[in-house]
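Please open the model in your viewer and keep the sequence panel beside it. The tour below goes from one selection to the next and says what is there at each stop.

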Amino acid sequence: MSPSGSHDAMKAFEAKAANLIAATRSLDIPHILLVRRLTLADPEARKWASEKQLNVVFSVVLAKAAERLGLAALRRMREQGLIPLLPKDKTGQGEDFRVLSDVVTQLLGPPEMSEAEATRSAFRALIERDFPPTPARAARTQTPLREPPPLFAAQLGPAAERRTGRMLAALPATESETGPVAVVDFATFFDETLCAYAQKTLSMFRITGSSHGVRLPFLLAPEFGQAYREVLQRFVLPQMRATRHIQTLAQSTNWAEAGADRLIEIIQGSEVNNPVLHNWDSRWASFRTSKPVKGRKPTLKPEDNPWPLLREEATRCNFQPPGEDDIVLLKDVIRFEADVMAKCWRELGQLYAQEFVPSGRPDQGREGALRDGIIKWVAKMPDHVGEHMAIKAMFEFEKIDAAWLRKLLGSFGRTDSERRRVVPYLADFVAQLY
């Protein structure tokens, strides 16, 4: 195949894969597995992608759907053998289970064996072992197991490894810096837990160095975290606590004993009938301006209007102020998983080192490795998270500049409207760099 033909085939695959991801975004896991069966069996689909490529695309789609369920719910489903997540049609159910089990293992790690299973496994291994003659007894010490370093670190060499270590050391901590929240009273406990949980996520977005005068998207601005906390404390959390659902929640549990972990487990649980997320979403929705009545200007009550505060902070600290169009992103802050974001950022740091900080060996830096990693994480993570990680890379990685970011933007569509539909925040940010 000629280079131009290969390029066109790759473009066609990227477009088809993007359409497939978009079409399955709102489906649940059983329906995604059915779509996977039909796609793999469709001769037309096999014209633009191999079986291996389709499996990669559906792994990404299933991973995003599983993340939407929440890790706590996913863990409960695994304890039930993943039966609730499999299609009712038993044809091909074994393959569905294998694919879904691989995705769940990537998110949760391998399932823990019960004590009885561990004992049986050890006993079977003991029986099957072919013992040699018993040697004379000798005192032996077992060297503790050490996890091998990442592959890229072993290959880069000492100098580059030190540079990469310094770069990755700048990662924000994924653990809450305030420690466990003491239960003085439910109102304080509730507010501090949600604020700390949100700050943990926001710490993954914010840049650690200077913005060099560039107006940042609000999620990346170091000062936005405090502004967001003030919005929660003044406009969101007190009104949530006044609702019947949250008052019932306050009285139904001994929070001094259950602690913040139990409240976070509720937040990460199912979206259906979730008392915290339901009232959280309702509160953010109240910040939308109602439709104007003829002769009247649309207004919000002072207690429902956080926008002046956010605009004032944005002007003072030079970041893009969030508005009503950003409500979905603002309310989804507590739905994003900081641990997954930390994994994404670590991988991007490793790819950057491989491509831009080679050790002198010709096989170290593969051109386009960082770009491909960002494209993968944009598709894998919730909407708009990956594109903010791409913008953050320009401020955290020394050799990433505006020209590189413009080139990356071109990978998300052939036209401005298509690119803006897929990565609107990245498109807006690049536009201000011209």
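Which residues of helix α5 (residues 71-79) are buried? Select the helix in this predicted model, and Ala 72, Ala 73 and Leu 74 are the ones to colour, since these three are buried. Display α4, α6 (93-108) and α13 (255-267) around them, for these are the helices against which the buried residues of α5 pack. Then step past the end of the helix to Gly 81, which follows α5 and has a positive phi, near 75°.

**The whole chain**

Zoom out and colour by secondary structure: the protein chain has 22 helices and zero strands. If you recolour by accessibility, buried residues make up 41% of the 434 residues in the chain. A contact map is a useful companion here, for among the contacts between residues at least 6 apart in sequence, 71% join residues at least 24 apart.

**The largest pocket**

Next, select Glu 14, Ile 375, Lys 376, Ser 411 and Phe 412, which are the closest to the centre of the largest pocket among the 44 residues that line it. The space in this largest pocket comes to about 1600 Å³. Show as ribbons α1 (3-23), α4 (51-69), α17 (338-356), α18 (369-380), α19 (385-396), α20 (402-409) and α21 (416-422), the elements that each give two or more residues to its lining. Of these, α1 provides the largest share of the lining, with ten residues. Coloured by class, the lining of the largest pocket has 21 nonpolar, eight polar and 15 charged residues.

**The second largest pocket**

Move on to Glu 67, Arg 68, Leu 69, Glu 271 and Arg 335, which lie nearest the centre of the second largest pocket, a site lined by 35 residues. Two or more lining residues come from each of α2 (29-41), α4, α16 (327-331) and α17. The largest share, five residues, comes from α4. About 830 Å³ of space lies in this pocket, and its lining is made up of 20 nonpolar, five polar and ten charged residues.

**An enclosed cavity**

Keep Arg 68 selected, because this residue also belongs to the lining of the largest cavity, together with Ile 21, Thr 24, Arg 25, Ile 32, Val 60, Val 61, Lys 64 and Ala 65. The space in the largest cavity is about 50 Å³, and the count of cavities of 30 Å³ or more comes to one. Here α4 gives the largest share of the lining, five residues, and by class the lining of the largest cavity divides into five nonpolar, one polar and three charged residues.

**Aromatic rings**

Now show the side chains of Phe, Tyr and Trp; the structure holds 16 aromatic pairs. A pair of aromatic rings is described by the distance of the centres and the angle of the planes. Centre the view on Phe 218 and Phe 224, whose ring centres are 5.1 Å apart and whose planes meet at 55°, so the pair is tilted. Both Phe 218 and Phe 224 are buried. Extend the selection to Tyr 228, Trp 280, Trp 284, Phe 287, Trp 307 and Phe 319, which form one aromatic cluster with Phe 218 and Phe 224.

For a stacked pair, select Trp 345 and Phe 397, with 4.9 Å from centre to centre and 10° between the planes. This pair links distant parts of the chain, since Trp 345 is in helix α17 and Phe 397 is in the loop between α19 and α20, 52 residues apart. Are these two rings buried or exposed? Trp 345 has a relative accessible area of 5% and is therefore buried, and Phe 397, at 3% relative accessibility, counts as buried too. Add Lys 392 to the view, which lies over the face of Trp 345 at 4.6 Å from the ring centre.

**A last stop in helix α11**

Where is Ala 227 placed? Select helix α11 (residues 224-241), and Ala 227 will be found within it. At 2% relative accessibility, this alanine counts as buried. Leaving aside residues up to four places away in sequence, Ala 227 touches Leu 309, Leu 310 and Glu 313. To close, draw a C-alpha to C-alpha distance from Ala 227 to Ala 314: the two are 87 residues apart in sequence and 9.1 Å apart in space.

Notes
Residues are numbered from 1 along each chain as its sequence is written. This is a predicted model: local features need pLDDT of at least 70, side-chain atom pairs count only at pLDDT 80 or more; totals for chains, interfaces and linings use all residues. Side-chain values use heavy atoms; hydrogens and water are left out. On a 1 Å grid over the protein atoms alone, a cavity is a set of points where a 1.4 Å probe fits but cannot get out, and a pocket is an open set with protein on both sides within 12 Å along at least five of seven lines; lining residues have an atom within 4 Å of a point. Grid points are joined across faces, edges and corners, and a volume is the space filled by probe spheres set on the points. Helices (H or I, at least four residues) and strands (E, at least two) are DSSP runs, numbered from the N terminus. Ala, Val, Leu, Ile, Met, Phe, Trp, Tyr, Cys and Pro count as nonpolar, Asp, Glu, Lys and Arg as charged, and the others, Gly among them, as polar. Buried means under 20% relative accessible area, exposed over 50%, partly exposed in between (1.4 Å probe, protein chains only). Contact means heavy atoms within 4.5 Å. Rings of Phe, Tyr and Trp (its six-membered ring) pair if their centres lie within 6.5 Å; planes under 30 degrees apart count as stacked, over 60 as edge-to-face and the rest as tilted. A charge sits over a ring if NZ of Lys or CZ of Arg is within 6 Å of the ring centre and within 35 degrees of the ring normal.
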